[in-house]
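Colleague: Please pick one part of this model and take me through it closely, together with what surrounds it. Keep to what can be computed from the coordinates, and mention where the model should be read with caution.

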Amino acid sequence: MRTLLPSLVVALLLIPAIAAQEDAWAIHAQVDFTAETTGGLSEVYLPMGLQEANTPPEGYVQWTWWSWSAETGSDWPDDDAIYRASNRNLSLNSTSTKVVHDDHALTGEDAVALSGQVKVVSAEDRVRMVAFDLSITPLVNLSNHTIIYVVLTENKAEDQHRRQAENLVREMRPEVAFSVKANTTTDLVSMLPADHLAAAGVDLMEDPTGWSYSVAVFGTEEGDREPSRLLALAHGDLPAPSSHVGIDQAWTPFLLSAITAVIVVSIVIAVRQREQAIPKLQATWSTEDSPRTIITVHAGQLDFKITSWQVSPPWRFKGRPPKLNLSAGQMKTITVDFREATTHDCHIEVSIEIETYGAWKQHLWLKSRNQDAPAHQEEE
């Protein structure tokens, strides 16, 4: 006992120092969440004129999408809205005055057990971001196309032109790195990084309140050929730091910083390992007259393989791009030909499997050949 107490004190002093060397994060606020059992999700795509949307069904969470920043000069983000509409095969018309509704009722089936925590964290630069500490357990075998979306919405948003919208989606991240086998639990951390939030107009230091989070699982049971449906949903207010601390809690920051350091170090390591494992894909248009793109594939720190390719209409492949197996660190360049050129942007979806991480998807966006712009890549 004489040596135990001094050892604990030394450990508590050293742990924050070790965490600092690992660029550990500070946790400013956190809240537990569990999946909803009733209701559902209402996705609302606003027209350019901001016509008022119908009130969502009772008990439904609302995501409001804005797709017209390029056309109106708004500082609201629209890239996730364009991607989500394409993913749902929705056609959005800039001249339309109608609000597009896409409602999803919870199935009422016990297909997925979902729980976890939402945390507002920061690194040494003190810029705040959002971490979702997720635990997901399929209760039945799910399809490989099952996706978790983590979403940050602003309760009442206003752009620089004084446009206003409620429940505006500021940032969305898809996750597919979890087991889809029944009764297999996967614990993972999904981040809304500081640079993504800044690009989406989110500053949680300046405005810590007025935000909501959602965690939604979309998919089907294995072998089910029906369209993807809402399997699980969690939603609530993003936690914000409290400005009031009782006298009896004055001693807790020291102890909490030690406990926090242990937690965040493990999160940092897990996220770094995953980012280093993800392969990088880059695409550029060929300088030849034929519609052709040059794609460079660079494997991360783990072996991976490309299992399939898809391109969004009206673009069509001329032949099928090759399935590849690349070793860790290996790089390869391929050409992908199209049947004919169109004036639309080209969206290519690449299905991959990473050793130990399972199935992922990479997305490449190429501006139409009339625009000199590089491809944009995202991963799921």
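Modeller: What follows takes the largest cavity and its walls as the part to look at, then moves outward to the rest of the chain.

This is a predicted model, in which local features need pLDDT of at least 70, side-chain atom pairs count only at pLDDT 80 or more, and totals for chains, interfaces and linings use all residues. Residues are numbered from 1 along each chain as its sequence is written, and side-chain values use heavy atoms, with hydrogens and water left out.

Mean pLDDT (the predictor's confidence in each residue, from 0 to 100) is 84 for the protein, and 87% of its residues reach 70 or more. Two stretches stay under 50: residues 1–23, for which the model has 19 contacts (heavy atoms within 4.5 Å) beyond four places in sequence, and residues 243–251, with zero such contacts. Where pLDDT is low, the predicted coordinates should not be read in detail.

The protein has five helices and 19 strands, taken as DSSP runs numbered from the N terminus (H or I over at least four residues for helices, E over at least two for strands). Of its 380 residues, 43% are buried, meaning under 20% relative accessible area with a 1.4 Å probe and protein chains only; exposed is over 50%, and partly exposed lies in between. Among contacts between residues at least 6 apart in sequence, 66% join residues at least 24 apart.

Now the cavity. A search of the whole structure finds one cavity of 30 Å³ or more; a cavity here is a set of points, on a 1 Å grid over the protein atoms alone, where a 1.4 Å probe fits but cannot get out. The largest cavity has a volume of about 40 Å³, counted as the space filled by probe spheres set on the points, which are joined across faces, edges and corners. Lining residues, those with an atom within 4 Å of a point, are Thr64, Trp65, Trp66, Pro77, Asp80, Ala81, Leu168, Val169 and Arg170. Three elements each give at least two residues to this lining: strand 3 (60–65), helix 3 (79–87) and strand 8 (164–175). Strand 8 has the largest share, three residues. By class, the lining holds six nonpolar, one polar and two charged residues; Ala, Val, Leu, Ile, Met, Phe, Trp, Tyr, Cys and Pro count as nonpolar, Asp, Glu, Lys and Arg as charged, and the others, Gly among them, as polar.

Of these walls, helix 3 has Asp80, Ala81, Tyr83, Arg84 and Ala85 buried. Asp80 and Ala81 are also among the residues of the cavity lining. Just after helix 3, asparagine 89 takes a positive phi of about 60°. The chain then enters the loop between helix 3 and strand 4 (100–105), where leucine 92 is placed. Leucine 92 counts as partly exposed because its relative accessibility is 26%. Beyond four places in sequence, leucine 92 touches Tyr45, Ser67, Trp68, Ala85 and Val100. Its C-alpha atom is separated by 8.9 Å from that of isoleucine 82, ten residues apart along the chain.

In strand 8, another wall of the cavity, lies asparagine 167. Its phi is near 60°, a positive value in a residue other than glycine. Asparagine 167 counts as partly exposed because its relative accessibility is 23%. Past strand 8, asparagine 183 sits in the loop leading to strand 9 (186–192) and also has a positive phi of about 60°. Asparagine 183 counts as exposed because its relative accessibility is 62%.

Further along the chain, strand 17 (residues 346–354) has eight of its nine residues buried. Strand 17 pairs with its neighbours (DSSP finds at least two bridges between paired strands). It runs antiparallel to strand 14 (residues 304–311), with seven bridges, one partnership being phenylalanine 304 with isoleucine 354. Nine bridges join strand 17 to strand 18 (residues 358–366), also antiparallel, and glutamate 353 stands opposite alanine 359. Strands 17 and 18 form a hairpin with three residues between them, and in the turn threonine 356 has a positive phi of about 75°.

The loop between strand 14 and strand 15 (325–326) holds proline 314, and the peptide bond from proline 313 to proline 314 is cis, with omega near 10°.

Methods. On a 1 Å grid over the protein atoms alone, a cavity is a set of points where a 1.4 Å probe fits but cannot get out, and a pocket is an open set with protein on both sides within 12 Å along at least five of seven lines; lining residues have an atom within 4 Å of a point.
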